[in-house]
Amino acid sequence: MASRIARLIRRPVSTLLLIRGYGQVRNFSHHILPGGPVSSKSLKEVGYLQKASPYQLWSRSFASDNGDQVDAVVPFMGESITDGTLAAFLKKPGDHVEVDETIAQIETDKVTIDVASPEAGIIEKFVAKEGDTVVPGTKVAVISKSGSSLSKAPSTKKSEDVVLPSPPTEKEVVEKKKSKAEKPKAPSPAPPKPSATEPQLPPKERERRVPMTRLRKRVATRLKDSQNTFAMLTTFNEVDMTNLMKLRSDYKDAFFEKHGVKLGLMSGFVKGAVSGLQNQPIVNAVIDGEDIIYREYIDISIAVGTPKGLVVPVIRNADKMNFAEIEKEISTLAKKANDGTISIDEMAGGSFTISNGGVYGSLLSTPIINPPQSAILGMHSTVSRPMVVGGNVVPRPMMYLSLTYDHRLIDGREAVFFLRRIKDVIEDPRRLLLDV
């Protein structure tokens, strides 16, 4: 019995591998000896698939040969942003990039988002195209960490398989020329003459059509919604800038030496707006359904025009800041807005907006309310005009102020008192110190 078992163990065990659809059959044996190790051959040594098997070619197309590829994807854009437009690629395929180097920019309704490279290497290809709408997690580019580019797949079509058309004979060429000569040419129709009443429009070649940016579309939507929602009314006043400009001229050097920032006129108007909002709290309020929400804080939004569109960064708790702190915050936010690095959090909220069209030379305007706020102050250019002071006509630097407000909430009385308060503190800045 023992000898019979030993003979069975020494007999090689054959295994058949059947690949459905290929008819490939390979045998390999495992020799198991009593008390000895198990000897086996690797699949590569056995060769159970042919080298040119279509299965192998299909499997290689789904993986990198060296496994060193990484994907650059669209990052998280913010709580209120779900998608964006791939505005531009800053690199090209084949360019070398470092870790966290920007390779593309995503334009959203509010800010511009950078797509950074997750690893250092070479850009092999772009997966998305400029103008595509993308969401967080969308793959934009493929980057090779080793710096090697993808090798082109070999052509599966052999040169001998290409059949070239035979050249035409001399007889065919002569007959073709005769048929062309005998065929009469149809006279081209004369262009229709425009009627006397038909307007002469410029040719389309002199027009240029470009798509609107997402930021511009968002601004247009919000402004139109503001017009459709609010009962907007605008009231005006003018302010003599003599004393504020003299204050700035007298202390600008000492102010810059101590605080490291220039003393501008904007901080005076922010402080004036804060004083006006404290005297007329209804201007700082907002309608919510059938209720009025009175805000116990004052966050001043400053409208800033940038090459990409209008953005409105917010000065938080402006009522608790002095002139120097306001000037520093305005300088920081304006630089970020022009560089395109301002964040969504720095533009969210705001209870009142100031728009300074005077920096562009605007003399008078009626700004549109920035929803969901209830009012907006418009500043304009300072112009020397003849004014009557003490019975005498003298030149004075004058500025027109405008306040556009929601008449559903704010009456004309409160709006006029608000503007008068700003006029008083600008013409006599000592009122801010004494709170009178």
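**View 1. Lys-139 and its salt bridge to Asp-71 in the predicted model.** Lys-139 is partly exposed, with a relative accessibility of 34% (buried means under 20% relative accessible area, exposed over 50%, and partly exposed in between, with a 1.4 Å probe and protein chains only). Its partner Asp-71 is also partly exposed, at 39%. The closest N and O atoms of Lys-139 and Asp-71 are 3.9 Å apart, and the pair counts as a salt bridge because the definition asks for a side-chain nitrogen of Lys or Arg within 4 Å of a carboxyl oxygen of Asp or Glu. This pair links distant parts of the chain, 68 residues apart: Lys-139 belongs to strand β10 (residues 139–144) and Asp-71 to strand β3 (residues 69–73). Helices (H or I, at least four residues) and strands (E, at least two) are DSSP runs, numbered from the N terminus. The structure holds 13 salt bridges.

The model is predicted: local features need pLDDT of at least 70 and side-chain atom pairs count only at pLDDT 80 or more, whereas totals for chains, interfaces and linings use all residues. Residues are numbered from 1 along each chain as its sequence is written, and side-chain values use heavy atoms, with hydrogens and water left out.

**View 2. Salt bridge between Lys-246 and Asp-250 within helix α6.** The N to O distance between the two side chains is 3.0 Å. Both residues lie in helix α6 (residues 242–259), 4 residues apart, about one turn of the helix. Asp-250 is partly exposed, at 46% relative accessibility.

**View 3. Salt bridge between Glu-427 and Lys-423 within helix α9.** The closest N and O atoms are 2.8 Å apart. Helix α9 spans residues 412–427 and holds both residues, 4 residues apart, about one turn of the helix. Lys-423 is buried, at 17% relative accessibility, whereas Glu-427 is partly exposed, at 22%.

**View 4. Surroundings of Met-387 in strand β19 (residues 375–389).** Leaving out residues up to four places away in sequence, Met-387 is in contact (heavy atoms within 4.5 Å) with Glu-238, Asn-392, Val-393, Val-394, Arg-396 and Met-398. The C-alpha atom of Met-387 is 9.4 Å from that of Asp-240, a residue 147 residues apart from Met-387 along the chain.

**View 5. Surroundings of Thr-404 in strand β20 (residues 392–406).** Thr-404 is buried, at 1% relative accessibility. A polar atom of the Thr-404 side chain lies 2.8 Å from the backbone oxygen of Pro-367. Not counting residues up to four places away in sequence, Thr-404 touches several residues, among them Met-232, Leu-233, Thr-234, Ile-369 and Ser-374.

Notes: A polar contact is a pair of N or O atoms within 3.5 Å; within protein, one must be able to donate a hydrogen and the other to accept it, and residues adjacent in sequence count only if both atoms are side-chain atoms.
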